[in-house]
Each structure stands twice: as structure tokens, then as C-alpha cells.
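Biologist: I would be grateful for a close look at a single part of this model, namely the way two of its helices pack together. Please then set that part beside what can be said of the other chain.

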Amino acid sequence: VTALLRRPLDTEAEQQFRDFVRERSAALMRVAYLLAGGDQHAAEDLLQIALAKTAARWDKVDSPEAYVRRVLYHQQASFWRLKRRREIQLAELPEEARPDGTPALDLKVTVRTILARITPRQRAVLVLRFFEDLPEAEVAQLLGCSVGTVRSTTHRSLARLRELAPELDELRTIKEVLQ
Amino acid sequence: VTLETMIKRAFVDWAEEAQVPAGLADRALRRRTRQRSLKIVVAMGSTVLLVGAAAVVAVSATGTTPRPPASVIRPEAVSMDTTLRTDLSDSFPRHLVAAGHTAVAAYVTGRWLPSAKKPKNLERTWYLYNQSSLTYQKTSWTYLDVAPGMHRAAVLDGPLPTSRVGILDLSTNKVTRWISFDHPVGGVSWAQDGRRLVLTTYDKNPDSYEHYGENLRTGFYLMDADAEPGSFHSVPGNPDNPNSRTDFEWSHSGALIKANTGTKPYWEFYDLNGKPQPAPPFEADSSQQAGLSPKGNLITEFGPGAGPNVTVTNVKTTTVVAILPIEQALAWADDDHLFAIGCAEKDCSGSGEFHNRLLLVGLDGTITPLTGFRDSQAQGAWVPLFTHR
């Protein structure tokens, strides 16, 4: 039984953990906030759980930042999947924000609004690809899926954005530009 | 400007709104300490069981000893009727939806109150199939499960968790008995025999947004619907599981109970005294709600690819039996058919995955719509509860 109990962090390790949180919490909170679809409370909970898990494995983790990010993405996917498992529908329905014209500022607001409406999984892929600028292979590794799945999810997510906001039809994707 | 650039700009602007809360490190370390304390407290007890991250304490009995598991479905409780019943109207189903041995015995809608933007509590509205009116009828119960045979339901009323559970007669729509409990109950599940119930107990309302990320489960009771309840079993939720509601349900054989884990493997199993047990073969591996087929030889899993596809595999030979163009496999109607969510119609293309309906899908690829369409992502969308009819 004793072997199963977690060893407390010693003073030095605890200080390292505190330093890590102080230095990286702003960046990590931004990611959690996007994953949570702009819900500050949900983002705080998400990050807190990820940090607790990181603290629990502090002496075994080589790269705390990579580990906490991996937990963030996995935690978010598991949470939403199970919450929806039987009868709970959690999707947030933000108010429509359709711009009258298409100046850049309005279009950005539209994009943000519809990013809150796509599935957490789709949003996670878009956050990794376009906010964190990770290549497809790294996204696949982080999410534990194939590169093909990342590619198809990205494609479907972009299609979903256009479906929710037809005004985005005026914007071409990089692939379309290259073609 | 490309679409990707616009997404990046929107993300960057949006992320700037995030506020970094004070005391993140303290809270993370406290949470970690709480986990450790729990396990230490358990280790002090006389009946210590530690498996993985799950801590279980057997608390002294205050009631009768639970009965041994029954393995036979009461023949008079279930119908041999396998008539296909559909309700294709594009609103909430009014008439029975059923196929094979399984029926939609009830459905539920969920709504965050006071609003989706300021969520506090999830309020469910249950619609139960009434055997007298032969229609689904709106009820005021806050949680329920329908027994196989669809003659009675176990119901909870008032704010969750609640101290009493009712047994509702679905012909008369009257509660035939109320059972009181010392530990408040938040979830209920009937066994396949239509007689035994597992009642999950919680500290606080497991559907409160304020407890997001906390696992509030305290344990469970077992009871026979016609007898006095058994003793309370303390099986606290795993603090690593961020789901505040982790109800116990019955395993495929009905010999064990199980609860979701929040990660893979998807289920953890316990015997009827709350002692952790290894997962029965193949039962913890699928994230799909349908689980194992009635005979226990087939299992469903999402994929391959983004699909939507669900693959049906023979667990013993590992042969792929079918790849079905559905979004989710919800329940087995019989050994050859599944209740599923999907669209599978040409006019659905481009309307998105949340524009879907309940389907009956045969392993031979035949697809029969069972209900009208719904926006499954919207607040207040209806979600089916399946029972052996």
C-alpha cells in the first residue's frame, strides 16, 4: 500500500513547480481559455486539473510544459465526451454576430463567435494548428491520432466555419490559394 | 488574407481576454495533497483496497446484506414484441420509438440555468413513455431510469442529490413506494433483471457548474425494488476524473457495477460490495454507448478516420463485421441492429454533424430512420434513454 502512495514534493521540487507555474501560467491560460471556448471559469478548472496532474508527476516529467499541454488537450476531449455521453448537451450557443459589411474587425468577431460553436475537438485541432502553429505531425502526436485524422478534422472544421458564416466564403484557404 | 490567417488573428485577440487567476500553483499542490490524504486515510482503515487511482472503503452495514446477483431476466417483465415503431415528426417524439427488443423508454432534455452564458445548474426535463396513454409525457422528476419491461421506473424528485427514491408504476403513473436514504442519491440505474437497482450517492449536486472538475460521488446503495435497501458502500469518485457525475451502472453480465473513468480504459468495475474488480474482457475498451452486443460477441468503436464511421468488430476473432456510416452507436436493438445517431441521407450533406436523427442500422448496412431531425448541439435537444421493452 505504501508503494502506491505518492511521494510529497520536496522543497526544491515544489519551488521548481511554483517557478514553472509563475513563468508559464499566462501562456497556458491562453490555451486553456481557447479550448474552453472563451469560458474563463471552465478554463481555470481545466488548467488547474492539468497542473495538479503535472505536479503529481513532477519528478518523472522531462518537459513540464509539453506534459501540461498534452493533459490540457486530453482532459478537454475526455471531459466533453463523457459529459455528453448520456443525456447532457453542454454546447454553448453564443449570440449570432453577423457583420453588416466585411471589414476586418467584424470578420474577426464573426470568426471568434463561430469558433465557440464548433466541437471542442475541432476547436482543439484549430488551436494547435493555427494558434500554436504546430505542424500536422506534432498535432497528431499530441492528440494521439493519425496525421490523416488531423488533416480531415482541419478540413471539416474549416468547412464547418464556412457553413456557420457564409461570409467567410470570400476568404480562401492556403491550399486554395496555392491551387 | 487567408481563412487560416483570420482564424489565427481571432484566436490571438480572443486569448488576450484570458485572465490568469491567482494561486494556481497553490491550488494545484493542494489538489495533489488532497488526493494523497484520501489515500492515507484509506490506508488507516481496516478494509483497505487500492487499485490504481481508485480508493474504496467498505463502511459498516446499516441495513440488510445485498442479495446475490440475479442472472435471469424475469420472463413476465419483458415483451417479446419486436415490432418496428417510429415517430418521424421533426419535434420531440410523441409515439413510441422501438426496434428489436429495445425501446426508447424515455427521453430527456437539458438546459443550463439561469442561462448558457452564466451556467449554474443543469436542469433536465424527462419525458416518460406512459403505458396507458401510449405517448411520451412530460414529467417533473429530476432524474430517472426505466426498468426493463417498461412497467416501472425509479424516480428522483426535488433538487439533487435527494434523500428518497420512488418506484413509479408506468400504467397508473403513481409512485407505489418511496424509499429513504441516509446518503443523498443523485443517480439511479436498473439491472437487466428489472429488479435490482444501483443508486449512486453524491455529496453535492453532480450537475452543478460550480463543481466543474470535482468528482462529487460518495458511494452507492444496492436494492431490490420490492425489498428494503442494502447497506451503503463508500466508493468516492476518483479526484483525477473531472466529471462531477460518475454514476454507477451495471456491467454487461449484471454481476458487477461500473463507472466511467474520464479516460481510457473508459470504465472501472466493482463487485456488489464496492470492491474493485478487473474489467470483464472487452467491456472497458469502447467509448461508444452501445457497448457489447446482447450476446457479448460484438463491440463498436468510432472510426476509421473522421468518417463519420463506426466499426463493429467480433471480439473473439477480431474480424471487422461492418463499418457503418453513423456518428454514434447508442444501443443494440438485437444482435444484428443498432440504434444510432446519424444522417445517412444525401440531402444532409453540408448541414453539419449536429443535424441528425435517430436511426436503426443493420449490420448488413440497411438504415431506417426512427425519428425526425434535431439539432443535437442545441440546448434543450432531446436525448433518448433505452430500455429492454
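**A helix pair and its wider setting**

Modeller: In this predicted model, helix 6 (residues 136-143) and helix 7 (residues 147-164) of chain A have axes that come within 8 Å and cross at roughly 105°. Angles of 65 to 115 degrees count as roughly perpendicular, and helix 6 of chain A and helix 7 of chain A are therefore described as roughly perpendicular to each other. Two packed helices are described by the angle between their axes together with the distance between those axes.

The contact can be followed residue by residue. From helix 6 of chain A come Glu136(A), Ala137(A), Val139(A) and Ala140(A), and they meet Val147(A), Val150(A) and Arg151(A) of helix 7 of chain A. Sorted by class, the residues of this contact comprise five nonpolar, no polar and two charged.

Chain B may be described next. Chain B has two helices and 26 strands, and of its 389 residues 56% are buried. Among contacts in chain B that join residues at least 6 apart in sequence, 47% link residues at least 24 apart. The exposed area of chain B is about 16000 Å², with carbon and sulfur atoms supplying 53% of it.

Aromatic pairs offer a further view. Over all chains, a search of the whole structure finds 17 of them. One of these joins Phe220(B) and Phe248(B): the ring centres lie 5.1 Å apart and the planes stand at 65°, so the pair is edge-to-face. Phe220(B) belongs to strand 12 (residues 217-224) of chain B and Phe248(B) to strand 14 (residues 248-250) of chain B, so the pair ties together parts 28 residues apart in sequence. Both Phe220(B) and Phe248(B) are buried.

Another pair consists of Tyr221(B) and Phe232(B), whose ring centres are 5.4 Å apart with planes at 55°, so this pair is tilted. Tyr221(B) is in strand 12 of chain B and Phe232(B) in strand 13 (residues 229-234) of chain B, eleven residues apart, and the pair links distant parts of the chain. Tyr221(B) counts as buried at 4% relative accessibility, and Phe232(B) is buried with a relative accessible area of 6%. Elsewhere, one aromatic cluster is formed by Phe92(B), Tyr107(B), Tyr127(B), Tyr129(B), Tyr136(B) and Trp382(B).

Finally, Cys343(B) is placed in the loop between strand 22 (337-342) and strand 23 (355-362) of chain B. Cys343(B) counts as buried, at 9% relative accessibility. The C-alpha atom of Cys343(B) is separated by 8.3 Å from that of Glu327(B), 16 residues apart along the chain.

Terms used
Residues are numbered from 1 along each chain as its sequence is written. Chains are lettered from A and ligands numbered from 1 in the order in which they are written. This is a predicted model: local features need pLDDT of at least 70, side-chain atom pairs count only at pLDDT 80 or more; totals for chains, interfaces and linings use all residues. Side-chain values use heavy atoms; hydrogens and water are left out. Helices (H or I, at least four residues) and strands (E, at least two) are DSSP runs, numbered from the N terminus. Buried means under 20% relative accessible area, exposed over 50%, partly exposed in between (1.4 Å probe, protein chains only). Contact means heavy atoms within 4.5 Å. Accessible areas come from the Shrake-Rupley method with a 1.4 Å probe; for residues, only the protein chains shown count as cover. Axes are lines fitted to C-alpha atoms, for helices over the stretch in contact, and angles run from 0 to 180 degrees between N-to-C directions. Angles under 35 degrees count as roughly parallel, over 145 as roughly antiparallel, 65 to 115 as roughly perpendicular and the rest as oblique. Ala, Val, Leu, Ile, Met, Phe, Trp, Tyr, Cys and Pro count as nonpolar, Asp, Glu, Lys and Arg as charged, and the others, Gly among them, as polar. Rings of Phe, Tyr and Trp (its six-membered ring) pair if their centres lie within 6.5 Å; planes under 30 degrees apart count as stacked, over 60 as edge-to-face and the rest as tilted.
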